[in-house]
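Me: Hi! Could you walk me through this structure, pockets and charge pairs included?

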Amino acid sequence: MRTCWLGLMLIAASITRAHGAELDMTIAVPPTPVRVEGHQQLDYEVQLTNRSGRRLALEEFVVLDGRDGRPIARLSGKTLEQHAVILDAAPVPSGEGASTPSTAPLAPLEPGQRAVVFIDVALPARARIETIRHRIGYRVDGARAAMQVTSAPQVLPRTRPSLLAPPLRGGPWLAIHDADWPRGHRRVFYRVDGQTRLPGRFAIDWVKLDAHGRYADGDTDLARTWYGHGADVLAVADARVAAVRDGMDEPARISQRTHHVPEDDAGNYVVLQLADGRYAFYEHLRKGSIRVAVGERVRTGQVIASLGFSGESTGPHLHFHVADASSPLGGEGLPFEIRAFVRLGGYDDIARLGKPWRAIGDGATRRDEWPDSNAVVRFPDRSAAVQGGR
């Protein structure tokens with residue numbers, strides 16, 4: 001079960017394979033570059049399966065420029081351990097039709113076992129990288145020498161991330177996501193209809209703050225005191241409503257929250273089908289606040305619901321992500337970019353939530369970007385569409 005990370009103080013599109021004698025390498029979702037803080041970034045996973053009859057220990061994982069073989073990123077030792085897990089091939093079922101495959105810290109792989117390496121890397125500035133390769137160093141039990149396998153070239157897709165208007169007004173809003181959190185959206189898989197997917201690959205949890213970084217006015221255990229609770233949630237594009245769920249109650253107090261089966265994680269939600277064929281998800285909405293119905297057309301900036309505290313949530317916030325299918329758990333998460341927002345600052349340590357963030361003095365407007373990890377931003381106050389494009 002995923003955790004919507006609020007830091008409370010408190011394979012479907014394409015598959016590339018590389019085969020060594022012992023190691024099978026698979027990329028289920030091609031890595032599409034997304035723009036973050038002025039640079040291009042790749043966020044994707046590589047699955048490594050031990051095909052030998054002996055234990056196999058991963059020692060190094062290198063991302064290479066497919067053209068000239070220069071390293072873009074290298075993971076080894078503790079860094080590799082922090083960015084890889086063993087993925088259980090036999091998840092424990094929960095609910096009806098959905099489960100969360102268990103993961104374990106990286107260790108030598110038993111025969112048939114698979115590991116997942118999470119890659120989150122900024123591409124070199126001014127470098128035109130069109131293909132990438134992966135080189136894995138590993139050691140098989142009983143072998144004297146270390147082994148290496150290098151993948152075939154992986155072509156970076158020419159398709160662009162979905163370009164969207166803001167899902168909320170004003171601010172400050174904290175964009176909560178971090179690739180390194182073990183139970184954050186970036187690392188929680190779901191198994192639906194026999195396939196393992198990662199819907200929250202680019203998910204952001206939006207929490208409203210005041211000028212001092214506080215997220216509630218008064219008793220922080222009361223959901224209604226949180227600044228974002230009840231805020232208007234906006235259509236990010238001209239789109240068709242693909243799915244709606246309403247009627248799930250939310251507890252009055254944060255301390256009264258309960259855990260849910262995976263199918264109920266999203267709480268009350270709206271799914272919009274975008275013009276590019278992808279789907280935008282709004283989750284944890286307030287009961288009875290949804291103003292749209294399946295099949296209805298919406299306009300950019302239209303109010304479609306209110307921010308709430310339903311489902312698997314550690315506090316009132318808007319969960320937002322884009323995927324390739326209309327099911328909250330049954331799609332692969334895809335990158336998106338927001339047309340315009342002002343970057344006010346951010347948190348280097350999310351444990352400081354509730355205290356002032358680290359400010360950025362220029363107050364420049366960022367355009368056509370995915371907000372950086374734990375960035376504090378402000379959106380336009382008006383609900384009308386932010387016009388323009390790439």
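**Annotation, pockets and salt bridges**

Reply: Sure! An unreviewed UniProt entry places the feature "domain: M23ase beta-sheet core" at residues 230-326; such annotations may be inferred rather than shown by experiment. This is a predicted model, where local features need pLDDT of at least 70, side-chain atom pairs count only at pLDDT 80 or more, and totals for chains, interfaces and linings use all residues. Residues are numbered from 1 along each chain as its sequence is written, and side-chain values use heavy atoms, with hydrogens and water left out.

Me: How much helix and strand is there over residues 230-326?

Reply: That stretch is 0% helix and 36% strand, with its end C-alpha atoms 25 Å apart. Strands are DSSP runs of E with at least two residues, and helices are H or I runs of at least four.

Me: Pockets next. What volume does the largest pocket have?

Reply: About 480 Å³. Its lining counts 19 residues, and Pro 33, Gln 40, Arg 128, Ile 129 and Leu 156 are the closest to its centre. A pocket here is an open set of points on a 1 Å grid where a 1.4 Å probe fits, with protein on both sides within 12 Å along at least five of seven lines; lining residues have an atom within 4 Å of a point. The volume is the space filled by probe spheres set on the points.

Me: And where does the second largest pocket lie?

Reply: It lies between domain 1 (16-155) and domain 2 (162-378), because both give residues to its lining. Those bounds come from an automatic or database domain assignment. The second largest pocket has a volume of about 410 Å³ and 33 lining residues, with Gln 41, Asp 43, Asp 120, Asp 178 and Ala 179 nearest its centre.

Me: Which strand gives the most to that lining?

Reply: S11, with five residues.

Me: Switching to charges: how many salt bridges are in the whole structure?

Reply: A search finds 25, taking a salt bridge as a side-chain nitrogen of Lys or Arg within 4 Å of a carboxyl oxygen of Asp or Glu. One of them pairs Asp 249 with Lys 287 at 2.5 Å, N to O. These two sit in distant parts of the chain, 38 residues apart.

Me: Are Asp 249 and Lys 287 buried or exposed?

Reply: Asp 249 is exposed at 53% relative accessibility, while Lys 287 is partly exposed at 42%. Buried means under 20% relative accessible area, exposed over 50%, and partly exposed in between (1.4 Å probe, protein chains only).

Me: Which residues share partners in a network?

Reply: Glu 45, Asp 120, Arg 186, Arg 201 and Glu 332 are joined into one network by salt bridges that share partners.
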